[in-house]
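Thanks, everyone, for making the time this morning. I would like to walk through one model with you, going from the smaller chain to the larger one, and I will try to keep to what can be read from the coordinates.

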Amino acid sequence: MSYVLLILALPLSVFVVNGLLSGNLPHRLAGWLATGSMGIATVLAWLTAYNYFFQSSSYEKIIPFRITWLRFTETLQIDMGILLDPISVMMLVVITTISLMVFLYSMGYMQGEKGFVRYFSFLSLFSFSMLGLVVATNLFQLYMFWELVGVSSYLLIGYCYDKPEAVAAAKKAFIVTRFADFGFLVGILLLSYYTGTFDFTEITNPENAAVAGMTGISFMGLSVLTWALILIFMGGAGKSAMFPLHIWLPDAMEGPTPVSALIHAATMVVAGVFLVARMFPVFSFHAPEALDAVAFIGAFTLLFAAIIACTQTDIKRILAFSTMSQIGYMMLALGVSGYGSEGLGFTASMFHLFTHAFFKALLFLGAGSIIHALHKNDIREMGNLRKHQPVTHIVFLIACLAIAGIPPFAGFFSKDEILSAAFASNPIYFGVAALAAALTAFYMFRLYFLVFWNNERTYEHTPHESPVIMLIPMIVLAIGSVFAGFIPFGNFVSSDNQPLHTHLNVTIAIISVMVALLGITVAWIFYKKESSLSEQLSNTFGALYHAAVQKFFIDELYLFITKKIIFNLISRPIAWFDKHIIDAFMDFTATVTNWVSKEIKGLQSGQLQHYAYIFLSGVLLIVLVMIFTNT
Amino acid sequence: MMEHVPIAHVLMVTSTMFFIGAYGFLTRRNLVTMLIGVELMLNAVNINFVIFDRYVYPDQIEGHFFALFIIAIAAAEAAVAIAIFINLYRNIRSIDVEEVDKMKY
């Protein structure tokens, strides 16, 4: 299966070619080059999946390619390679498919933009890094590609580098995730210090004695292994925009909309979920406390983001908070999951990741289609668009139904599994998840009714339907959003790579459909036509509504902590010390040197004979010393 | 015949020559005269090499070679020095060493 290497090599070479020749390539050629090679990569990824899942009976971990990249000592070496197991093969399919759709869509969306070739080269870099991340054979390779996706995300958010908000958002995204990655790195080092390996196959082996040994060493009430895993999860939480490291994701919407669809909805932000899933046996066997933390953070973010999403007015920000909320579902499902036959949550999480990629990418592409037509983001200035953009309307409705969890759309099946897993674990988590499901349905249909129904607005020019090249990817993703739920996912992806037979839990399915319908109905009453009901409701919840509009003041809290506390209490004293102690010492030596040279520079008179006198006196002095010391 | 002259005599002559040269180098203002002082010093050293070779290591000839090298280098040095003097004279119409004091702080 060495052709798997080609899946990575194609986007990388496109990045190099487009990046180096960015000034000289015609736009169409560069775009088709990127899209074409992504198409080949997609075909190869599907072929890999076919060979992996259907040509062999057991789903073992396969390593078709591996080289030793750095060899420090006999025991410490860092490999680069490709690891195929059910989750990485599933991720390969998701990433290449969504990438291909987004590449195609971008050909239309970005047409005529100034940095078109640069855009495609960065997009290819992202695809390469993300693919490298999911097939990583060891933690260190994963960490490198993890940073690479961070860089490409930074580059793409800051694509419009002459827009100050985009630059600020890019920096914010990079710094916040970098801060989280610091914890990740410490976690990796801690883990590998005790186990002596970076390799996933060894670390995740339940019989690994070194990993089990880490549970015996206790630090501040928790075992070292638990600390290492919590630190690793911190990296995952940063990338996946989990509370309280979520602040970068809403701002990241400054990037072009296809970028948001690919990076900030379907692929990169689920890297944290993937990371936890990759390390799942370690979490599950040795550190249940860390898994509890994952579940708690997931559940909290799930509800928190859903509440904020109900109050936002920027179409892309609503989708961003919705993404956070859905990733919260995935984390929650992982957190409540057991291993082996108890592993419903694991399968549900991966299933939701899979279906979410389709409908969330579709929602973003739909939003992009609307923004492309109107050139504005505020949903209060939109309305009655179903007349102007019929195709976008249909696919957007499909995506909304899918995310709200209405059967038979994809989101229904995965959400049902998550709710079942949560119910089996803890009724509180089930309550949170069900409440968030109602809120999800409400905010998505609030968006839908406000944009596609409601009153006709006055537009600068009549909105038009998007070109075919943008509609095709949306239709393909819509088909995915309808049918992806029928895949018997448990047969392919499970925590112990043995088929897990899942079945629809009818009671929970009825509850989840009921709450979703409730959310949709409320949205329908409030927003189908212009009405004052929503204002009355927001007035009832005055303080809560205001706090949610302001995203619960988390950004302000961060600013307070950094500007007031860290700057004043840590940075300023350090700056004072630097200025008055370290710099002062350097200044002192410079002043002394200056003074001495000023005093003795008269000796350099320019008079040759003065020098000769001094020289001769010196020689005589040496001679005298030699004479008198020898005798 | 040389053997009849004690080495101390010869050394006194060369020391005298050397210090005459040094005195001339340090006190004369005229660069050409200073150059003559340098030549005197060099030649005093030359004689010293030859004498020490002859009296201390009569079976070796390194001292002679040193003397020959110094003569060659002194010739080159004189050529360069005089070239500098000529250029100096062209620039400042003087070869007085005290007027050549551009190279100071």
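Let me begin with chain B, where, among the contacts between residues at least 6 apart in sequence, 43% join residues at least 24 apart. Please keep in mind throughout that this is a predicted model. Chain B has three helices and zero strands, so its elements, read from the N terminus, run α-α-α. Its C-alpha trace spans about 50 × 25 × 25 Å along the principal axes, and its radius of gyration is 17 Å, where a compact globule of 105 residues would have one near 13 Å. Buried residues make up 12% of the 105 residues in this chain.

Chain B also touches its partner: eleven residues of chain B are in contact with ten residues of chain A. On the chain B side of that contact, the residues divide into seven nonpolar and four charged, with no polar ones.

Turning now to chain A, we find 25 helices and four strands, and a C-alpha trace that spans about 115 × 65 × 55 Å along its principal axes. Of the 631 residues of chain A, 51% count as buried, and residues 24 or more positions apart account for 80% of the contacts with a separation of 6 or more.

The strands first. In chain A, strand β1, residues 62–71, runs antiparallel to strand β2, residues 77–84, and seven bridges join the two. The connection between β1(A) and β2(A) is a hairpin through five residues, and A:Phe65 stands opposite A:Ile82 in β2(A).

Next, the nonpolar interior. The largest nonpolar core holds 216 residues, and the members that touch the most others are A:Leu332, A:Ala361, A:Leu362, A:Ala399 and A:Ala433. Helix α19 of chain A, residues 427–452, gives this core its largest share, 20 residues. If we leave aside neighbours within four places in sequence, A:Ala433 is in contact with A:Leu302, A:Tyr329, A:Leu332, A:Ile418, A:Leu419 and A:Ala422.

Another alanine to look at is A:Ala404, which is placed in helix α17 of chain A, residues 390–404. Why does A:Ala404 count as buried? It does so because it has 29 C-beta neighbours inside 10 Å, and the cut-off for a buried residue is 20 or more. Again leaving aside neighbours within four places, the contacts of A:Ala404 include A:Gly411, A:Thr440, A:Met444, A:Phe445 and A:Ile520.

Finally, some backbone details that you may want to inspect on screen. A cis peptide bond joins A:Phe243 and A:Pro244, with omega about 0 degrees, and A:Pro244 lies in the loop between α9 and α10 of chain A. The peptide bond from A:Pro407 to A:Pro408 is cis as well, with omega near 5 degrees, and A:Pro408 is found in the loop between α17 and α18 of chain A.

There are also non-glycine residues with positive phi: A:Ala241, at about 55 degrees, and A:His375, at about 60 degrees. Are these residues buried or exposed? A:Ala241, in the loop between α9 and α10 of chain A, is buried, because 29 other C-beta atoms lie within 10 Å. A:His375, in the loop between α16 and α17 of chain A, counts as exposed, because it has 11 C-beta neighbours inside 10 Å.

Technical notes. Residues are numbered from 1 along each chain as its sequence is written. Chains are lettered from A and ligands numbered from 1 in the order in which they are written. This is a predicted model: local features need pLDDT of at least 70, side-chain atom pairs count only at pLDDT 80 or more; totals for chains, interfaces and linings use all residues. The radius of gyration is taken over C-alpha atoms; the globule rule is 2.2 Å times the number of residues to the power 0.38. Two residues are in contact if their C-beta atoms, placed from the backbone, lie within 7 Å. Ala, Val, Leu, Ile, Met, Phe, Trp, Tyr, Cys and Pro count as nonpolar, Asp, Glu, Lys and Arg as charged, and the others, Gly among them, as polar. A nonpolar core is a set of buried Ala, Val, Leu, Ile, Met, Phe, Trp, Tyr and Cys residues joined through C-beta atoms within 7 Å. Two strands pair if DSSP finds at least two bridges between them.
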